[in-house]
Amino acid sequence: ADNDSDSGSDAAPECDPVQIEGDAKVSLAYDVGGRGDQSFNDSAYAGLQKAATEFGLTDTSEGEAGQDESEDVREERLRNFADTGHNVIVGVGFAYSEAVDTVAPDYPNVAFAVIDGFDPTEDDVNCNVAYLGFAENEGSYLVGAAAASQSETGTIGFVGGVNNTLIQKFEAGYTAGAEAVNPDIEVLTTYIEESDPAGFGDPAGGQAAAEGQYADGADIVFHAAGFSGTGVFDAAVAADKLAIGVDSDQFLTAGPEQAQHIITSMLKRVDTATYGFIQSVVDGEPDQGFTTFTLADDGVGYSTSGNFLTPETIATLEDYKQQIIDGDIEVPTAP
Amino acid sequence: MKGLTPRRVLDTVVGSLLPPLVAVVAAMVATSVLIAAFGGSPGSFLEVIFSVPNDRVLLSIINQSAMLSISGIAAAIGFRMGLFNIGVEGQYIVGSCAGAFFAGSGLVPGPLNILATLVVAAAAGAAYASIAGLLRVFRGVSEVISAIMLNYIALTMAGYLVTKYGQASGYTFTTERLPLDAQPLGFKIFPDAPGDVWALSSLAIILGIGYWFLISRTRFGFELRVTGESETAARASGVNTKKMTLLVMALSGAVAGLVWMPAYFGSVHTFGTPENFQAGLGFIGLAVALLGRNRTLGIFFAAALFAFLSGQSNNLQSAGIAKDVIDITQGITVLAVVVAYEVVGRRRAKTEAERVARQLDAEREGAAA
Amino acid sequence: MSTQQSVSAEVVRARTFRYTWWLAALAVIVVISTVRLYTGTDRITAPGTLRAAIIGACPILLAGLGGLWAERAGIVNIGLEGQMLLGTWGAAFFAYHYGPLAGVLGAALMGLIGGLLHAIATVSFGVDHIISGVAINIVGLGAVGFLAKTTFDDLDGGGPRNLSGYSTPPEFTVPLIADGARSLADKHWFVISDVAGAVAGVTTRLSVLTVLAFVLVAVTAWVLWRTSFGLRLRSCGENPQAAETLGINVYRYKYVAVLISGAFAGLGGAYLAMVASSSFTVGQTGGRGYIGLATMIFGNWRPSGVLTGALMFGYTDGVSLLSNSGAIVHALLLLVAILLAVFAVLKVRGGERVTGFVIAGISVGAFVWYFLSETVDASFTGMTPYVVTLFVLAVFSQRLRMPAADGKPYRRGGAG
Amino acid sequence: MTTIDVEARGIGKRFPGVVANHDVSLHIRPERVHALIGENGAGKSTLMKILYGVQPADDGQIVIDGSPVSFTSPTDAIAAGIGMVFQHFMLADNLTVAENIVLGAEKLHGIGDGAKKEIRAISERFGFGLDPDTLVERLGVADRQRVEILKVLYRGARLIILDEPTAVLVPQEVDALFANLRELVGQGRSVLFISHKLDEVRQIADDITVMRRGTTVGTADPKTATKRELAELMVGAELPSPATSESTVTDRPVLRLDGVTVADESGRDLLHDISLTVHAGEVVGIAGVEGNGQSELVEVVMGMLRANAGTIRLGDDDITRLSTRAVRDLGVGFVPEDRHRHGLVLDYPLWENRVLGHQTSAPAVRRGLVSRKGARADAQRIIDQFDVRTPGVDTSARALSGGNQQKFIVGREMSGNPRLLIASHPTRGVDVGAQAAIWDHIRAARREGLGVLLVSADLDELIGLSDRLEVILRSRLTARFDPSSVTASDLGEAMTGGEAA
Ligand SMILES: Nc1ncnc2c1ncn2[C@@H]1O[C@H](COP(=O)(O)OP(=O)(O)OP(=O)(O)O)[C@@H](O)[C@H]1O
Ligand SMILES: Nc1ncnc2c1ncn2[C@@H]1O[C@H](COP(=O)(O)OP(=O)(O)OP(=O)(O)O)[C@@H](O)[C@H]1O
Ligand SMILES: [Mg+2]
Ligand SMILES: [Mg+2]
């Protein structure tokens, strides 16, 4: 992984690696939905599983967030893990950023990580917290290029769950990638919600948004809308058009009918990040500060299951990928 | 009060304490049956719910019940006048948003900022509630329907304002952080536990007493209650019910505007959806008011019960039960308690009628003799 | 007695009313078409937009009809939201295990159970209708969360809070008409293309559940106003004591009405989980039950009114989910401004000067906003359905007439 | 049409704390008008509801044509040929005449054109002039009553029960009703007719049964029984009379209306150019058929309605634009026409009801705070002075009988020595004892200089209590009478727009 802690604000002071006591005991604190969501949370769990088998971890635990829960409930979840002897605690989802920031100083011998996290108090760095981020824009760039390469109408779409800067990162990369292939391409953009997180759990909204884009001429639609994405796939099936999945390889998890319309997925390897973090702890050098998982370390990428991408497309994507890794292409993070 | 016979006392106890008790038990039983019906273990459900919470959870329960109490009081003010202010949810979002923007701006220095912010939050809540009040009084729009619409609008508006005028924080936006000098110290009741009872949680007690005094002692409160019981009688007695509707709606909204202030000043210090803001308190407040029969003590009790159940439900995970079951328990409690009060109320009316008739008969016989 | 005279006057008034109504509808279409051509936003009446409107409208329509059934019998059912939620789970669960038909029936059944709870509380125990409804909404949300975790977690395609991969009711496209209308719509002609857009929107990939929803509007109207069952049911909402003295078992009719109400709400849930999308997720109703209630009030407790309200809401909701919706909403702003101006003139001429001037003021505001801006911020387009509903209620609420005994507790033996 | 013979034997019915009926026996012979009389609360309505199956009897038997029957719901009674018109009409305003009539009897002629044809036919036969498609809300009282009777006839009832049908009718309408009843009896039906008005009873009835305190105390022959005999049977004592003795009228005006006009939203006049003066020590009675503007007259004085033109003065104060609160504060007591809706909060204890309407004045309220002590003490005073029968000030108003509720209201409205009392139907639905007590209190206050504006539908009360009578007809004051010389029939004619005046 590309450890940003030195490339960033170089605020990172003399931080000694956290010394956990005894064997690693890992806890995952899930976002709303918890394990079984076939996406974000499940991916983190897969990382834990892999680490558990490889490193022979026996004592692991999980907890999940509820709807409309308050900040102190999240904090209590983390403290409860720490109090019961867990010394590696991963908050899955950026909603845990504040809670981890508050709790971490009280448990200096526990290694914390927040996936998609950020440090809400940047002038006051916690040495025992790792923020695991992803270069979603890079992965999105590639699927944008894929969409533009295989679009027949010259119009493609993007459906975001909630219009926040995280999802805008997907949009920015996607648009840039598409325009790189075809400068005249038209990219339709719809956000299901402007700020209400319900946008990630609204399949009807996803379906309506995607149907609108297909009706307006798009033939490939990329979604970054969580569970609402199933609605996007439904729309693709109904319109007999194509779609691009997100986070995990959704060709593998979607229903058989939907899978036939998912030409690729933008991979965001939460499992890799989780596994990597646990590994760093087991290795005695727990990650600290900001870590961004990029194309270079396969932290993000694209899938080819189903063989929808033509060899030419794949060749183009691989070319772009190399250029991004080499720094020849600078992928924007905001639209 | 005169005539405090043992019989009366028993009546009061049976009449006001038994129904909630029966309701809670009934709700627990119903939830357990449901869990068992789907192959879960009601035993572990009850075990988790009735386990002793640790100090931190206890603190959280206290703080949550304070906020729920305020929300309940906001709803109760409307209920007492027969206004169903389902808009508490939207009003407290608006109040929280306005308050946090104001406090974060640091326009007023130091601790005075707290007071000023409370005024701003209450005013914003009142103003927002007044939209529903005005629509009802001047256009005859049911406050229930307009408030539902306003709830959605509030959420969207708050999101818009924070995105447009707030600052980036991670992937979303929040208001500016509350200046340090305006962060009040809480009550450290457990020295060993992190966190405290938020300073402004005491607002619940102040508002509770104020509400009780207003409703049961003042002329305004009397007129408010009369309007709720019989609008026609109120009007004939000289109450301007339109003005009353506007005032009460605004008052309810003002209290609603304060709902989240304890959390804001106590721990969160910034407003931004969804992470930094706890939504949903307004809806539960309605249930709290209903369960507490719109009485101060009842509201405190109901808020504590709801906060306790929610606090404990976070551990249901370990028992393999979805924590959502606690909503079922809460909903059934509300339903059961109103049924129980209804039954008790009918009984009471019957016994009172009998008592009056007996007395009259005795008088008649006395006169005949 | 001058009854004879008043009869004919009434008949004439009814006829004039119907005639004016058609004329008004036509005028609105002309205005819409003009606005479309003037602003160049063909999408406001494109088949896709109208299809989205219908899909957005149906769940609300079903909930609104459910509310109508209950309130016509005198029971306010604010628990529609909870019953609808139960319906989403019922649809997913039964469709997953037993196929789409079972899904639809299961959703209705789950909604009906929610209705039963409401009926027991309000009819048998005389609990305040709104209290019971609020409680049912809380229970509904909790039950759906609990049931999802217990029954969907281990399924293929399932998770603790969601399920997909079950089959949904069939869809069909009306042959010839759909294509014909679509090609007409694509011509962007004045008025003709707008109407064709609507026809194409309705006839393309029409789900049988959509058909059912519209059929239920007619069925509701017919049963409530043309059968003796409906007459009895409505009498329970107008004056239950009177009904009782004529030997009608008021409790039974109230029960039946609330059960039907719950079942309709459940169907609304099925629509969400089977037509508007093909997946279930906890809380996916997103307040549509409440909106259904609002459309019922907006629709003056009449099926046709509920339909109008639901379509209006569905349309604004659908538009807000189109890409670049800001431009469409911007065009709609002009439409609203024009309609308001016309309305204001009518009001002032009808003698309601104050109301007329207020509306005129708002109209001017809309014009100013339209001409000073290029587009409408996405946050505001999301609010459109709610703002429009609020606005329409504010303008028309005084003409509304709810059943006389709606929401009032009733107990047997109190007649006389 | 076959005739019907109905007999009630030893009927008993208890409500919590009240024996509404005990050992009630009654024989309604075929083709007769049978009158049932008795004071308020005697148990008449209860008996009728038992006969009609609305409420089950605790004891006794109903025998029809010689065989005992048992009714569990009105359906059974209807099937047995019994129909009932209730004291308070049982109509759904928002349904049409036809819908109200066919409701519950849809099997007879459906709910469509067949039913409407039948309704028109019956309506024509009796000259009711009802159109089946009219909404009931558009109908006046007399028409509503005709709808009620049509409902009964439509079901082919052989016994028609009418609970106080004349209470809301003017004399001319009563005559029309009686003509209809005669015709019905002529067709072989029986009529059971409840009334307090003894003249009417003697005019129409073939048989009379008298009830007192829940039981039947005797029968009488209308041809021979005198009004006094009947009254004494009813009350068990001599009848009180509202006659006022000496005049106490002064020349000091307390209330003066000058050209007061009130219009509704559509511009129709609810009150037109009303000028009226009430002097201290004077009772001015307003006579009129319900719905001619008397409610509006009261409301405009009380500030519950706004006058579009004219002035209203209380003493020297202009109160035209004042709120109800301000009007009350200037010394106006108000006994509203509907005590349950406007006079009381039924679920509140009496002491809290004492505060009602006096929220700005001691002893109930001091400096914006409700004084429990003051209110309780003063409620007790009212209970004592006005002989309100109740266990105490903590009893809820609902638990009191109508008469006692009304006495409490009158007592409350007279506290604080008002200058003017606005009394709407102060003794409506109140038993004779309470009625006499209320009259006495009004008279006593009048002697002390109270001005009273009295609205009543009870002509005896109006004539007996007033110093001057004004007739209100179609929103205007159309005639003035001296109560000492006017007769009820003159008054009735003026109220309906006849020749007199
Ligand atoms: N449902 C009831 N519950 C309790 N008490 C009742 C009920 N209905 C009637 N009563 C009581 O029964 C008594 C008889 O009432 P009923 O209505 O039969 O009198 P009535 O003769 O019709 O009087 P009125 O002339 O006022 O109509 C009343 O005193 C009343 O207190
Ligand atoms: N439906 C009812 N349920 C309970 N109590 C009743 C009912 N009807 C009457 N009562 C009782 O009857 C008494 C008053 O009734 P009653 O009929 O005597 O009054 P009234 O003088 O006829 O008044 P009104 O003009 O309102 O009919 C009260 O004690 C009241 O509690
Ligand atoms: Mg009575
Ligand atoms: Mg009676």
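1. Two strands count as paired here if DSSP finds at least two bridges between them. With that in hand, take chain D of this predicted model: six strands make an open sheet, ordered β6-β7-β8-β3-β9-β10, with mixed pairing. The edges are held by β6 (82-85) and β10 (215-220) of chain D, each of which pairs on one side only. Ignoring direction, neighbouring strands of this sheet are turned by 20 degrees against each other on average.

2. Staying with chain D, have a look at β7 (residues 159-163) and β8 (residues 190-195): five bridges link the two, and the pairing is parallel. If you want a spot to zoom in on, Ile161(D) sits opposite Leu192(D) of β8(D). Helix α7 (residues 171-186) of chain D packs on the sheet and touches β3 (33-37), β7 and β8 of chain D. The direction of α7 makes about 150 degrees with that of β8(D).

3. Chain A has an open sheet too, with six strands in the order β8-β7-β9-β10-β11-β13 and mixed pairing. Its edge strands are β8 (186-193) and β13 (300-302) of chain A; each has a single partner strand, so one side of each has no neighbour in the sheet. The average turn between neighbouring strands of this sheet is 15 degrees, direction ignored.

4. Within that chain A sheet, β10 (residues 242-247) and β11 (residues 262-268) run parallel and are joined by five bridges. Ala243(A) faces Ile262(A) of β11(A) across the pairing. Which strands does helix α4 (residues 136-150) of chain A touch as it packs on the sheet? They are β7 (155-162), β9 (220-224), β10, β11 and β13 of chain A. The angle between the direction of α4 and that of β11(A) is about 165 degrees.

5. Over in chain B, check the crossing of α3 (residues 55-80) and α12 (residues 281-291): the axes come within 7 Å and cross at roughly 70 degrees. That angle is why α3(B) counts as roughly perpendicular to α12(B). The crossing is right-handed. From α3(B), the contact uses Gln64(B), Met67(B), Leu68(B), Ser71(B), Gly72(B), Ala75(B), Ala76(B) and Phe79(B). On the α12(B) side you'll find Leu281(B), Gly282(B), Ile284(B), Gly285(B), Leu286(B), Val288(B), Ala289(B) and Leu290(B). Sorted by class, this contact of α3(B) with α12(B) has 11 nonpolar, five polar and no charged residues.

6. A second helix pair in chain B is α8 (residues 219-229) with α10 (residues 241-257), packed at about 105 degrees with axes 11 Å apart. The two helices, α8(B) and α10(B), are therefore roughly perpendicular to each other. Phe220(B), Glu223(B), Leu224(B) and Thr227(B) of α8(B) meet Thr241(B), Met244(B), Leu247(B), Val248(B) and Leu251(B) of α10(B). The class split for α8(B) with α10(B) is six nonpolar, two polar and one charged.

7. On to domains: chain C splits into domain 1 (38-180 + 190-322) and domain 2 (323-401). Their C-alpha centres lie 28 Å apart. At the boundary in chain C, 20 residues of domain 1 are in contact with 23 residues of domain 2.

8. Last, the assembly. Which chains share the most contacts among the five pairs that touch? Chains B and C do. Chains A and D, on the other hand, have no contact joining them, and their closest C-alpha atoms lie 39 Å apart.

How values were computed: Residues are numbered from 1 along each chain as its sequence is written. Chains are lettered from A and ligands numbered from 1 in the order in which they are written. This is a predicted model: local features need pLDDT of at least 70, side-chain atom pairs count only at pLDDT 80 or more; totals for chains, interfaces and linings use all residues. Side-chain values use heavy atoms; hydrogens and water are left out. Axes are lines fitted to C-alpha atoms, for helices over the stretch in contact, and angles run from 0 to 180 degrees between N-to-C directions. Helices (H or I, at least four residues) and strands (E, at least two) are DSSP runs, numbered from the N terminus. Angles under 35 degrees count as roughly parallel, over 145 as roughly antiparallel, 65 to 115 as roughly perpendicular and the rest as oblique. A crossing is left-handed if the near helix is turned anticlockwise from the far one by less than a right angle, and right-handed if clockwise. Contact means heavy atoms within 4.5 Å. Ala, Val, Leu, Ile, Met, Phe, Trp, Tyr, Cys and Pro count as nonpolar, Asp, Glu, Lys and Arg as charged, and the others, Gly among them, as polar. Domain bounds come from an automatic or database domain assignment.
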